[in-house]
Amino acid sequence: MADGLNIPGVSDKYKTNDLVKALMDVERVPLKREEEKVETFKNQQDAWRGMNQKMSTLRDSCKTLYSFENPFNNKLTSSSDEAAVTVDAGREAEYGSFKLEVIQPAATDRFLSADIDSDYNVKEGQYTFQVGEKTVDFKWKGGKLGDFVNALNKRGGETIKASLIGVSSDKKSLLIESLKTGEENRLVFKNKALDFAKEIDMIGEAKSEKKTFAVSQDKLYTPEKKVEFSQAGIPEISRDRVTSKGNEITVGPRGGYEIDIPADEKSRKSGKIEFSFKEKDVRDITPKPGKTAVAESEDFLDLPTPGMIEYEGITVYNNLSESTLPPPQDTEKERAPAESAAAPSAISSNRYFYIKDSRGNETPLSDKNIRTAKSGKTTVSINLKDYPDARYLVVRNEKTGKELSMTSPVLYSDSNVTGIQPKHAISTAQDATIKYEGITMTRPSNDIDDVVPHLTLHIHDKTDRPATIKIDPDTESAKDAIITFVGKYNQAIAEMNILSQNKPELISELDYLSSDEQDKMKERLGMFQGEMSLTSGKSQMQQIVSGTYKYDANSTITLLAQLGVSTNASGNAGGGYRPSQMRGYLEVDEKKLDAALAEDINQIKNLFGYDSDGDLIVDNGIGYRLDKQLTSWVQSGGVISTKTSSLETQIKSSNQKITRLQTQLDRKEAELKRKYAQMEGSLGSLESQQNSLQNFANQNQRK
């Protein structure tokens, strides 16, 4: 800019900008003071939020120690033969051990075909595959084997699966397998699938040996008398009410028999007994009121009274009739109570068939063994592997008004009654068979959860010898939870110490902090010095962790210190002062904690939370009381929420004041700039006039 040219408000020839700035700096002092207050409030809010985070984390750790998911209920399982059986334990499983023998795992049907040409075409038709109660059925238009396999797998879902195995460059083998274990889930081919399976040499005619039971009268025996099948006034169950003719057996009311099962060792493992029967209504043999069962059976002759004649006051009695049959044994006096007794009730029961073992124990057939058709004919099918010690078939018709007509039982030696068997079976459908504490039982799946309460057995293979299954407490997870709790507790106490006290050594004692974390803590050091809520809160927490908790009269673990957790857990051999003891931090003696957990983990669980009034709700203990104490701080409307809300109110008030001051300062600055601009203009105008006069004077002098 040329000398002598001055633009007010733009040029600063007279240093008015500096004057305005200096004046405004003085005016801005209240504004800066208010901005510093806002920054302090925000830092305090951040500090309270940090305290909230520490306390919330500690509260979560407390809940873990006494809630339903507490680690003291975790179970560890082990098996001496994990290749054969493994176990999963629920939280309510009992501690202990037991023996388990796996006789055989459950398996699926997996059938392989003979070698097939790679360009083999599957004929069109309706292809049906059945696995148990599930059916895969689809119509095939005909085509390549690979396309057929894809079509079957697309529809098979979780029921059936097929795959091609390359045998050579021009030969393949087809594998079809059921995806469901258990004997009831056999793989069955129907419709065109049956023809296809035969054509590729996957299945063929079964060679099943069968034996028909000998049902001649001399082979039938009266079943053993049982109290539950007897009733006063009703005839006992007897073989005399059973007749056999050819392959048919008729069992009349209150008839029964038992017959040997003609099974060798092989048949007992895989055999199946089958027969059918029908019921028919007949005359009920229940005795009528006032008559005994003996009278109803007509085993004696009841002769009428011989009579008499009376003539002119003289009475002549006839002699009794003579008979070779025995006279009735009951006198009139003896018959009177019988006549007044209530008639025996008719018996109606739906159980007819039982399996009897070598020790004489009888087991009734379950409903799964009996199937009734619409025609009324009922088929009975018995897998002998479900009754490994079966020796006799027992039939009892307890009913008094029903007659059974049944076919002679037939024993199939290999349980194959379909007439079809696989030719290249990789495995066949079978139930898992296990022996638990000497008791043999079968299940269709290898995952068994109904033998031992809250335990799931996973069967993998048969055992060479009984495996020992153990259920032990998970002391490691309990130990980790306690140590985690101590760590979170110490972090919360450290934060309370730093916020409430202005002592630099509080930070240097925390040797686990990084340099950046120490720097951040220095900014918060003594921020709430004199804040009574922090001091009292810390004191209450210390009282809780050092208190005594007696679960019941037999409790021996009542203090946290008994677990090796205290402010002086590591001991102080020198007897000197250690700052951590005065700060309230907890220490852990791991050896002592391990020993306590191994001795009685249930008492330790109760130390952290227990029900004191019998309402099945935890209401006392270290974990419960700390949780309740911390909740009063971190919950909505709690101590910390109230503090941060109060600070937020102050921040809003200060921000409003800052806005008002800023507006005032802006107006003040604008006014100063306007006035100083006018002054500069006036000075500039005077200076210009002075220059004009000076120039005029200079010109006159030259003249």
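Helix α16 spans residues 639–702, and L686 lies within it. I should say at once that this is a predicted model. L686 has a relative accessibility of 52% and therefore counts as exposed, since the cut-off for that class is over 50%. Together with M679 and L683, L686 makes a nonpolar surface patch of about 250 Å².

Let me stay with helix α16 and turn to its charged side chains. K675 and E671 both belong to this helix, 4 residues apart, which is about one turn. Their side chains form a salt bridge, with the closest N and O atoms 3.7 Å apart. How accessible are the two partners? K675 is partly exposed, at a relative accessible area of 47%, and E671 is partly exposed as well, at 29%. A further set of residues, R28, E669 and K673, is joined into one network by salt bridges that share partners.

One bridge of interest here is that between E669 and R28, with an N to O distance of 3.5 Å. Which parts of the chain does this pair tie together? E669 lies in helix α16, whereas R28 lies in the loop between α1 and α2, so the contact links parts that are 641 residues apart in sequence. R28 itself is partly exposed, with a relative accessibility of 21%.

Helix α1, residues 16–27, has a salt bridge of its own to consider. D25 and K21 are 4 residues apart in this helix, and are therefore separated by about one helical turn. Their side chains meet at 3.3 Å, N to O. The two partners fall into separate accessibility classes: D25 is partly exposed at 33%, while K21 counts as exposed at 51%. For the model as a whole, the count comes to 27 salt bridges.

I move now to the strands, beginning with β33, residues 455–459. Is this strand mostly covered or mostly open? It is mostly covered, with 4 of its 5 residues buried. Strand β33 has pairing partners that include β2, residues 85–89, and the two run in the antiparallel sense over 5 bridges. Within that pairing, T86 stands opposite H458 of β33. Strand β32, residues 447–448, also pairs with β33 in the antiparallel sense, over 2 bridges. In this case I448 stands opposite L457 of β33.

The connection between β32 and β33 deserves a separate remark. The two strands form a hairpin with 6 residues between them. In the turn, H454 has a positive phi of about 65°. As background, in a regular strand the side chains alternate between the two faces of the sheet.

A further strand to mention is β16, residues 248–251, which contains V251. V251 has a relative accessible area of 0% and is therefore buried. How far apart are V251 and K402? They are separated by 151 residues in sequence and by 8.9 Å in space, taken C-alpha to C-alpha.

Finally, I return to the surface and to helix α10, residues 515–524, where D516 is found. D516 is one of the residues that form a negative surface patch, the others being E517, D519 and E523. At 54% relative accessibility, D516 counts as exposed.

To close, I would set the two patches side by side: M679, L683 and L686 make the nonpolar one, and D516, E517, D519 and E523 form the negative one.

Terms used
Residues are numbered from 1 along each chain as its sequence is written. This is a predicted model: local features need pLDDT of at least 70, side-chain atom pairs count only at pLDDT 80 or more; totals for chains, interfaces and linings use all residues. Side-chain values use heavy atoms; hydrogens and water are left out. Patches are made of residues with over 30% relative accessible area and no salt bridge: like charges are joined within 9 Å, nonpolar side chains (Val, Leu, Ile, Met, Phe, Trp, Tyr) within 5 Å. Accessible areas come from the Shrake-Rupley method with a 1.4 Å probe; for residues, only the protein chains shown count as cover. A salt bridge is a side-chain nitrogen of Lys or Arg within 4 Å of a carboxyl oxygen of Asp or Glu. Lys and Arg count as positive and Asp and Glu as negative; His and the chain ends are not counted. The place of a charge is taken as NZ of Lys, CZ of Arg, CG of Asp or CD of Glu. Buried means under 20% relative accessible area, exposed over 50%, partly exposed in between (1.4 Å probe, protein chains only). Two strands pair if DSSP finds at least two bridges between them.
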